[in-house]
Amino acid sequence: MNGIGSGNGRFSNMEMEYIRRHHRQQPGHNQCASALVKHIRAPVPQVWSLVRRFDQPQKYKPFVRRCVVRGNLEIGSLREVDVKSGLPATTSTERLEVLDDNEHVLSIRIIGGDHRLTNYSSVMSLHPEIIDGRPGTLVIESFVVDIPDGNTKDETCYFVEAVIKCNLKSLADVSEGIALQDRTEPIDRV
């Protein structure tokens, strides 16, 4: 298996199990793929309430200036995203592929726009965990994308990973800020 997370030693056994279960993208010829994890000090329902909003990614994605969804919010829905300056893009047309409120999985595919992320698709999954005795969330985001002409696999993965890391840090900051307002009591360890 040459897919996401295979044999790289960066992930715990539990993270690898979640990757095997929910992040099945296999990179093709001239594509790169990766997965990133973020531990967030906020419960899954809090984090999921932000992630599942396909129509409002700007609530936690700092590079999104505006988002307009066409039609109802359902599998196959399209959103037009305007990107803030500073990235080599201005617009992105994205399709909702998976929105699973039970498993806490969201998947999107970029199908058009003014950018270089051809055949980009991503999967984000959220998993409960305990952090310092409190409910927390393990977030895993994986992607696969074509390597643009004139770029290497490493350059492409580095760029996409940098954007995702920024988005995940922002997701953590927003979620943890809300969680502080709704502070729960620590869970007693047995």
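A residue is called buried here when its relative accessible area is under 20%. That cut-off is a handy way into this predicted model, and strand E6 is a good place to apply it. Eight of the 11 residues of E6 are buried, so this strand is largely enclosed by the rest of the structure.

The setting of E6 is an open sheet of seven strands, paired antiparallel in the order E1-E7-E6-E5-E4-E3-E2. At the edges lie strand E1 (31-40) and strand E2 (64-70), each of which pairs on one side only. Averaged over the sheet and with direction ignored, neighbouring strands are turned by 25° against each other. As a general reminder, strands of a sheet pair through backbone hydrogen bonds, either parallel or antiparallel.

Within this order, E6 is flanked by E7 and E5. Strand E6 (residues 121-131) and strand E7 (residues 134-146) run antiparallel and are joined by 11 bridges. Along this pairing, isoleucine 130 stands opposite proline 135 in E7. The hairpin of E6 and E7 has two residues between the strands, and aspartate 132 takes a positive phi near 50° there. Turning to the other neighbour, five bridges join E5 to E6, again in an antiparallel arrangement. Valine 105 has serine 125 in E6 as its bridge partner. Six residues lie between the strands in the hairpin of E5 and E6, where asparagine 119 has a positive phi near 55°.

Two helices also lie across E6. Helix H1 (residues 13-22) lies across E1, strand E5 (105-114), E6 and E7, and runs at about 50° to E7. Helix H2 (residues 44-51) lies across E1, strand E4 (91-100), E5, E6 and E7, with an angle of about 160° to E6.

One residue of the neighbouring strand E7 deserves a closer look, namely glutamate 141. Which side chain of opposite charge is nearest to this buried glutamate? It is lysine 61, 5.2 Å away, and glutamate 141 has no salt bridge. A salt bridge would require a side-chain nitrogen of Lys or Arg within 4 Å of a carboxyl oxygen of Asp or Glu, so the pair does not qualify. Leaving aside neighbours within four places in sequence, the contacts of glutamate 141 include Ser122, Val123 and Met124. Also among its contacts are Ser34, Ala35 and Leu36, together with His23, Tyr120, Ile164 and Leu168.

Key. Residues numbered from 1 in each chain as written. Predicted model: local features only at pLDDT ≥ 70, side-chain atom pairs only at ≥ 80, totals over all residues. Heavy atoms only, no water. Pairing = 2+ DSSP bridges. Helix = DSSP H or I, 4+ residues; strand = E, 2+ residues; numbered from the N terminus. Axes fitted to C-alpha atoms, helices over the stretch in contact; angles between N-to-C directions. Contact = heavy atoms within 4.5 Å. Buried < 20%, exposed > 50% of the residue type's maximum accessible area, 1.4 Å probe, protein only. Lys, Arg positive; Asp, Glu negative; His and termini not counted.
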